[in-house]
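Biologist: Please take one part of this model, examine it closely, and then set it in its wider surroundings. I should like one connected account, with each technical term given its cut-offs.

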Amino acid sequence: MPRFYHRGQVSNRKGKFDPNDEERVKHTKISKVWELYEDYEVKKPRLSFFSFSPRQRLERYLGLYENLPFVWRMLKDIGRIRACWFYLGVYLIIQLALSLAPAIQLWYSGQLLKIVETAVEKRTVDKQLLFRIASGRIASSLAELVLNHVTTIVVRPLNSQIKQYYTVHMFGVLARMDVPTYDDPLIQRQLEQAFPSGSRNSIVWRTVATCIHVVTSAIRLLSQLSVLYSVLNKQKDGLLFAFLSFSQPLLAWGSGYNAGIFTRVWAATTRNVDYIELSGLRKSVGDSAHRKEIVAGNMWEYMQAEYKRCIDVLGEDAVEFWDAFRYLRFHRFPTFLTILRQSMKEMPQIAFTLRAVQYPASIPVSLTSLTLITTTVSSFSNTLFSFFNETGFITETFDAIRKMYEMIDLPNRIPDGIIPYPENQQALQMGISIEFRNVSFKYPESKSYALKSVSFKIVKGQLCVILGENGSGKSTILKLIGRLYDPEEGQIFVDDQDIKTLKLADLRRAMAILFQDYTHFPLSIKENIALGDPGHSGDMERVTQAATLGGASKFIERLDDGYDTYLDRPVRDYYSGLPEGTTNIFGRAVDFGRVRGAGGMKTNEATSLSGGQMQRIALSRTFMRSLMSESNVGLLLFDEPSASLDPTAEHDLFERLRLLRGQKTMIFSSHRFGNLTRNADMILYIHDSVIVEEGSHNQLIKAGGEYARIWNLQAQAFL
Ligand SMILES: Nc1ncnc2c1ncn2[C@@H]1O[C@H](COP(=O)(O)OP(=O)(O)OP(=O)(O)O)[C@@H](O)[C@H]1O
């Protein structure tokens, strides 16, 4: 049984929520692992009858009001999904009808009670009336059953249509996010919350359903109330029993059961080293990226022992936050209110017994009355309870809708420019000029400069090589030219125009960049190459031409599926439970060969390529857009394009690039000295974020600086 530690320290200091601000937040240690911090705007009363102060309650409801514009926008968006209209209409009608059902049934029950009363009094029964009322009661019950069933049929397409509509939105949000925005951990967290993966019902549908429920619950309450009043009014002690029965759900609502336990601002963290290590070990074993090292380094025994040690230390606290939290929520020791609430449930029965003792003559009638009253009151209080519950839940769903739309509207950190670029497409064939003026840059969250007061100018059509040791800032220069980030100080000019003024899409269309840490998309090789120029993605001839230029065509053609090969297939095949090679109880060996053959499935879903082959595919992607004769690219940026290539491939690549680039500007980043630097029009030698030498090979050798020193050092190796 996990222990719960409470250390409530709350103050009313205003300002931003800071989980470490001990005076203002309530800290709850949920388990050995998880710690919860809740932000309280106002001092919480020490001994509050209700667990939420009126102000907090008000804050929640005002939060609802603030979120209304987002909900309105959601409704308008749903209105645009034509396919939804029919189902939504049916759903609404059914819900309205269902909301009247309890009142109708209540009315019938009242009528039945009347018949019983008359029968007891007059010793006769109006059979026809009894038949009519009984059939009406049965019919209304059956109608409710059918309507509930139709609801489940209608909800499925409704939910999936809404979900699909928003999935497309969500994909767009993710796809167009720029690097600084995407890399921000806060945004990552918001993304996770706004678009939780794997939830079956879309949050939008849940919100719509909750709103409809609130309205129908209100109708249900009112209709029940009117029938209930007419029933109770005529019953002896009816109002007393009603009061006793109502006090329980009202108390439940008052004690904040419905409202969730959180204030609107909270955060949870763990500092438990064993839990953190446990998670790290689980990730290491689960990610194929580490498999080679785990095997070659013989790490498994150590890892397993460590994992077991962590599990032993943590015991049942080795659970994720939500599990621990759920435990806290449901397993807190019952409070005084919970005990009181539970006792209140029994009150009507006790009151009835006391009344029966007092007036024994009226027992038969009172017995029927009591049955009716308690069932009607309990049905009414259920509705009341679910109404309060829904209104409590609605703040959470409205918050979620707001979060979702805030993510949809999230502006990128790199603002778009307004000037179209270039003025003349033909001019791009002559290259693009690049100038850095006193550019300084720090990566977000980083304290040190990646570039410091960097200034240089690359003239149109030049071949430039940026040289420098690891971490000196070479890649950063290329990233700034592509406007993946904006510099903190200084300016960058592209064809003598401030880079920030140019339309981003135009700018990026005019250049091709091959990053050092290039990636392979979990798509076919064909698409991996075609993505280099999405405008021509269907042009297979262009894809094969790009693959030839990138030196990839030969090995691609040798693959079983050629250009359709998936390096890592994103969808796995599924197989029935018994593992291949085992025998079942009747001695039959389990062999998936036949089903696999019939379905055209492969034993191995991933195709492995060498590092150099991977680089050739990435190169082909760059060629796809950059070196075609009609290409609109005027600037080629290569970050270590030959790092994984063998010497012949490297030589061939540079030859091809030299021939094909025409007069376009080309910038390489490298730490190798050789043919490339010898042929460069300009070499920028960068050291510790600062450009220390600049000029052609001959100039730099003559200058006798660091470039000359390393060049001579390398040359000696070949002597
Ligand atoms: N995304 C990032 N976030 C924070 N710091 C970064 C990031 N990328 C690079 N840096 C830091 O910025 C500095 C310059 O990095 P950069 O990648 O430009 O070096 P480089 O010269 O290209 O190195 P290499 O030759 O190893 O590729 C380094 O100190 C590096 O640690």
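**A helix and its surroundings**

Modeller: Among contacts in the protein chain with a separation of 6 or more, 76% are made by residues 24 or more positions apart, where contact means that two C-beta atoms, placed from the backbone, lie within 7 Å. This is a predicted model, in which local features need pLDDT of at least 70 and side-chain atom pairs count only at pLDDT 80 or more, while totals for chains, interfaces and linings use all residues. Numbering starts from 1 along each chain, following the sequence as written.

The protein chain contains 25 helices and 14 strands; these are DSSP runs numbered from the N terminus, helices being H or I of at least four residues and strands E of at least two. Of its 719 residues, 27% count as buried. A residue is buried if 20 or more other C-beta atoms, placed from the backbone, lie within 10 Å of its own, exposed if 12 or fewer do, and partly exposed in between.

The part chosen for the close look is helix α18, residues 540-549. Its buried residues are Val543, Ala546, Ala547 and Leu549. Seen down the axis of α18, these residues fall within an arc of 160°, and therefore they line one face of the helix; the arc is taken over the directions from the helix axis to the C-beta atoms. As background, an α-helix has 3.6 residues a turn, so residues three or four places apart point the same way. Met540 and Glu541, on the other side of α18, are exposed. The packing partners of the buried residues of α18 are four helices: α17 (525-530), α19 (553-558), α21 (611-626) and α22 (647-660). Just after α18 comes Gly551, with a positive phi of about 75°.

One of those partners, α19, leads to a loop worth a brief visit. Leu578 sits in the loop between α19 and α20 (593-599). Leu578 counts as exposed because it has 12 C-beta neighbours inside 10 Å. Setting aside neighbours within four places in sequence, Leu578 contacts Asn584 and Val590. Val590 is twelve residues from Leu578 in sequence, and their C-alpha atoms are 7.1 Å apart in space.

The strands come next. In β11 (residues 635-639), five of the five residues are buried, and the strand is mostly covered. Leu635, Leu637 and Asp639 are buried on one side of β11, and Leu636 and Phe638 are buried on the other, which leaves both faces covered. Strand β10 (residues 511-514) runs parallel to β11 and is joined to it by four bridges; pairing requires at least two DSSP bridges between the strands. Met511 has Leu635 of β11 as its bridge partner. β11 also pairs with β12 (residues 665-670), again in the parallel sense, over five bridges, and there Asp639 is partnered by Ser669.

Further along the chain lies strand β13, residues 682-687. Five of its six residues are buried, so β13 is largely enclosed by the rest of the structure. Strand β7 (residues 463-468) is joined to β13 by five bridges and runs parallel to it, with Leu467 opposite Tyr685. Five bridges also join β13 to β14 (residues 690-695), but here the strands run antiparallel, and Ile683 is partnered by Gly695. β13 and β14 form a hairpin with two residues between the strands, in which Asp688 takes a positive phi near 50°.

An open sheet of four strands, with antiparallel pairing, has the order β6-β5-β8-β9. Its edge strands, β6 (451-458) and β9 (497-498), each pair on one side only. Strand β8 (residues 489-494) runs antiparallel to β9 and is joined to it by two bridges; Val494 has Gln497 as its bridge partner in β9.

The ligand completes the account. Helix α15 contributes three residues to the shell around the ligand, the largest share. Among the 14 residues around the ligand, the nearest are Tyr443, Ala450, Asn470, Ser475 and Thr476; a residue is near if its C-beta atom, placed from the backbone, lies within 6 Å.
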